[in-house]
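Student: I am new to this structure and would be grateful for a close look at one part of it, namely the empty space within it. Please describe that space and what surrounds it.

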Amino acid sequence: MISGATRVLVILGDPVEKLRSPEGFGRRFEANGIDAVMIAVHVAPQDLTRVVAGLKCWRNLAGIVVTMPHKTAMLGLADEVLETGRLVGAVNALRPAGDGRWQADMFDGTGFVTGLAAQGQSAHGRRVGLLGAGGAGAAIAVSLARAGIAAIAVHDLDGAKAKRLVETLRAAFPELDARVGPPDLGDVDLLVNATPIGMRDDDPLPWDLTGLRAGTIVGDVMTKPDTPPFIAAAERLGAPVVRGRDMYEGQVRELGAFFGFRFDR
């Protein structure tokens, strides 16, 4: 039961109707006997700064999680950005540091790599096609690079954004074959959708899977529906998949620790 002593987490996004996090954190809080709750707040990009300024005044706020399209904009709203967030150039979590300052970091990428491992797959040596160079895409790219992928092709409708991510990867991981461009389905063995395409019912597929090689892993960051159209199309072709929920489960424990919660169950 929510009371005046309940600690509050919020997740900000646009839209928020299909977010899994409030339910997932709620189950973890209940299972571990933690008096806390997460609520979803629908915030348009032009309102983000004002909303975050107001949230920082909440004395019972444990922290803020952000999802698309706010992960890059949140950089400018933190007093301190930790190492992964600095490298990625985006964050998905913001917490009070206890001295009036707010710290931010990024957990999407480690969540994806952990989710990949949970499906019995390794990132090491993979040739990756990445759709989307925003906050989630950049985080996944950095974590995959740390996990030892061999090559990555980054595609984004904003070519400058894709170029910046590739330049970051080349500087931080000089042994990685990183380039800007659309994925070649005859070459990649891991294809990841890190765009918001798929959140709305009338969205097209983010990429045509015609010509997908047998055994190529297909991943998607969408958490709702559990099987978004891109994953459904891959499964019809017999491809192994990594769902958004796999990525989500992989980062929940780390996010909980970041906000001071211990999830034993």
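Tutor: A cavity is a set of grid points where a 1.4 Å probe fits but cannot get out, whereas a pocket is an open set with protein on both sides along at least five of seven lines within 12 Å. The volume given for either is the space filled by probe spheres set on the points. The model is predicted, and every value below is computed from it.

I begin with the cavities. There are two cavities of 30 Å³ or more. The second largest cavity holds about 40 Å³. Its lining consists of I197, G198, D203, P204, L205, P206, D220, P228, P229 and F230. By class, seven of these lining residues are nonpolar, one is polar and two are charged.

The largest cavity has a volume of about 320 Å³. It is lined by 24 residues, and those closest to its centre are L19, T67, K71, V221 and T223. The classes in this lining are 13 nonpolar, six polar and five charged residues. Helix α1, strand β3 (61-66) and helix α8 each provide at least two lining residues. The greatest contribution is that of α8, with five residues.

Since α1 belongs to that lining, this helix merits attention. It spans residues 21-31, and S21, G24, F25, R28 and F29 are buried in it. These buried residues fall within an arc of 135 degrees when seen down the axis of α1, so they line one face of the helix. Among the elements that cover them are β1 (7-13), β2 (36-42) and α8 (244-258). Thus α8 takes part in covering α1 and also in lining the largest cavity.

The loops linked to these elements have backbone features of their own. In the loop between β1 and α1 lies P15, which is joined to D14 by a cis peptide bond with omega of about 5 degrees. A cis bond also leads from M68 to P69, with omega near 10 degrees; P69 sits in the loop between β3 and β4 (80-81). After α1 comes G33, with a positive phi near 65 degrees. As background, most peptide bonds are trans, and most residues other than glycine have a negative phi.

I turn next to the pockets. The largest pocket contains about 510 Å³ of space. Its lining has 24 residues, with D156, K161, A194, T195 and P196 closest to the centre. By class, 12 of the lining residues are nonpolar, seven are polar and five are charged. The second largest pocket contains about 200 Å³. It is lined by 13 residues, and V88, G89, A133, K161 and R164 are nearest its centre. Two or more of these residues come from each of α3 (83-88), α5 (135-146) and α6 (159-172). The largest contribution is four residues, from α6. This lining divides into six nonpolar, five polar and two charged residues. K161 is named near the centre of the largest pocket and near that of the second largest pocket.

Helices α5 and α6 also connect the pockets with the packed interior. The largest nonpolar core has 36 residues, and I152 and L169 touch the most other members. The elements that each supply at least two of its residues are α4 (108-118), β7 (127-131), α5, β8 (151-155), α6 and β10 (190-193). Of these, α5 supplies the largest share, seven residues. Leaving aside residues up to four places away in sequence, L169 touches A141, V142, A145, I152, P174, L176 and A178. A separate core of 20 residues includes A36, V65, F107 and F258.

Helix α4, a contributor to the 36-residue core, completes the picture. Its buried residues are D108, G109, G111, F112, G115 and L116. They lie on the same side of α4, because they cover an arc of only 160 degrees around the axis. Their cover includes α5, β10, β11 (217-220), β12 (241-242) and α8. Following α4 is G120, whose phi is positive, near 80 degrees. Helix α8 therefore appears in the cover of α4 as well as in that of α1.

Notes. Residues numbered from 1 in each chain as written. Predicted model: local features only at pLDDT ≥ 70, side-chain atom pairs only at ≥ 80, totals over all residues. Heavy atoms only, no water. 1 Å grid on protein atoms, 1.4 Å probe; cavity = no way out; pocket = protein on both sides within 12 Å on 5 of 7 lines; lining within 4 Å. Nonpolar A, V, L, I, M, F, W, Y, C, P; charged D, E, K, R; others polar. Buried < 20%, exposed > 50% of the residue type's maximum accessible area, 1.4 Å probe, protein only. Arc of directions from axis to C-beta. Contact = heavy atoms within 4.5 Å. Core = buried A, V, L, I, M, F, W, Y, C linked by side-chain atoms within 4.5 Å.
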